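Got the viewer open? Load the model below, switch to cartoon view, and keep your selection tool handy.

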Amino acid sequence: QTGILKMQIQEDWHQIAGILYEELHQLVPFAGCGIAMVDLVRRSFYTYDLSSQGVRRGEVCSFLPRSLEEAVRTQKPVYRRNRRELEAWGDNVGPERNSVLDVPFAGGTLAINSEEENGFSGQDTQLLERFAQVLSEAYTRLRSIQHQETLNQVRQAVWRMERVEDLRQVLKIMAGQLQRLEILFDNLGVQIVSQTSDPPA
């Protein structure tokens with residue numbers, strides 16, 4: 001948790017994820033480990049694959065597996081103990097994986113998988129939930145950093161304004177920063193209200 005308090009930039013998230021992998025790997029026997037970042041609104045997700053080689057981010061998938069949606073919506077673990085349960089959930093995992101456990105955190109799920117059926121115990125689930133709680137703290141810290149960076153970018157654009165026309169550049173930067181925060185919108189504009197106009201009758 002000390003690493004979370006030291007988070008200053010977005011790249012520190014990778015370091016936290018790497019530390020989490022190393023610590024978890026010493027306590028739970030798993031074949032693979034990852035973090036799924038879930039967007040319930042867009043019904044999409046992307047993953048961070050964690051391994052001894054480091055942290056690798058995957059591409060955004062424009063669909064949402066039932067298992068991930070269930071875990072995030074209910075905030076409860078979803079454990080598929082064997083191939084039959086994996087197929088029932090519609091999970092698309094390789095034949096070498098025979099059990100998968102997803103535990104929710106603030107941004108999605110923390111997942112581990114095993115080559116064995118019934119690869120994880122109740123104690124493993126409880127341990128993963130503790131790690132997910134720490135991951136939630138890191139995610140909350142990351143979002144706070146992102147929000148502050150976004151506000152700073154917009155403030156700097158405002159301070160550079162010298163003419164009315166510069167407002168277009170401010171809006172452009174604001175739109176880019178909102179997209180960086182993955183905030184959905186179709187259009188962005190500013191409504192100018194004149195204080196000197198007479199109110200409508």
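Start by selecting Gln-75. At 46% relative accessibility, Gln-75 counts as partly exposed, where partly exposed sits between buried, under 20% relative accessible area, and exposed, over 50% (1.4 Å probe, protein chains only). Gln-75 is in the loop between H3 and E4. Check its backbone: phi is near 55°, a positive value in a residue other than glycine. Most residues other than glycine have a negative phi.

Before moving on, two bits of housekeeping. This is a predicted model, in which local features need pLDDT of at least 70 and side-chain atom pairs count only at pLDDT 80 or more, while totals for chains, interfaces and linings use all residues. Residues are numbered from 1 along each chain as its sequence is written, and side-chain values use heavy atoms, with hydrogens and water left out.

**The overall view**

Zoom out and colour by secondary structure. You should find 6 helices and 6 strands in the chain; these are DSSP runs numbered from the N terminus, helices (H or I) having at least four residues and strands (E) at least two. Trace the chain along the sequence and the pattern reads α-α-β-β-β-α-β-α-β-β-α-α. Of the 201 residues, 39% count as buried.

**Next stop: Arg-43**

Select Arg-43, in the loop between E1 and E2. Here is another non-glycine residue with a positive phi, about 55°. Arg-43 is partly exposed, at 36% relative accessibility.

Now show side chains. Which residue does Arg-43 meet in a salt bridge at 3.0 Å, N to O? The partner is Glu-69. A salt bridge here is a side-chain nitrogen of Lys or Arg within 4 Å of a carboxyl oxygen of Asp or Glu. The pair links distant parts of the chain, 26 residues apart: Arg-43 sits in the loop between strand E1 (32-39) and strand E2 (44-51), and Glu-69 in helix H3 (residues 66-74). Glu-69 counts as buried, with 16% relative accessibility. Add Arg-73 to the selection and you have a network of salt bridges linking Arg-43, Glu-69 and Arg-73.

**More salt bridges**

The structure holds 7 salt bridges, so here are two others to click on. Select Arg-56 and Asp-49, whose side chains meet at 3.0 Å, N to O. Arg-56 counts as exposed, at 53% relative accessibility, and Asp-49 as partly exposed, at 31%.

Then pick Arg-80 and Asp-102, with their closest N and O atoms 2.9 Å apart. Arg-80 lies in strand E4 (residues 78-80) and Asp-102 in strand E5 (residues 99-105), so this salt bridge ties together parts that are 22 residues apart in sequence. Are these two residues buried or exposed? Both Arg-80 and Asp-102 are buried.

**Strand E6 and its neighbours**

Highlight E6. Why call this strand largely enclosed by the rest of the structure? Because 7 of the 7 residues of E6 are buried.

Look at the strands alongside. E5 and E6 pair in the antiparallel sense over 7 bridges; two strands count as paired if DSSP finds at least two bridges between them. A hairpin joins E5 to E6 through 2 residues. To see one of the bridges, select Pro-104 and its partner Thr-109 in E6.

E1 also pairs with E6 in the antiparallel sense, over 6 bridges. For a landmark in E6, click Ala-111, which stands opposite Gly-34.

**Two surface patches**

Follow E6 (108-114) onward to Glu-115, in the loop before helix H5 (122-159). Glu-115 is partly exposed, with a relative accessible area of 49%. Select Glu-96, Glu-116 and Glu-117 as well: together with Glu-115 they form a negative surface patch. Patches are made of residues with over 30% relative accessible area and no salt bridge, joining like charges within 9 Å and nonpolar side chains (Val, Leu, Ile, Met, Phe, Trp, Tyr) within 5 Å. Lys and Arg count as positive and Asp and Glu as negative, leaving out His and the chain ends, and each charge is placed at NZ of Lys, CZ of Arg, CG of Asp or CD of Glu.

For the last stop, select Val-158, found in helix H5 and partly exposed at 40% relative accessibility. With Trp-159 and Met-161, Val-158 makes a nonpolar surface patch of about 330 Å², an area that comes from the Shrake-Rupley method with a 1.4 Å probe, where for residues only the protein chains shown count as cover.
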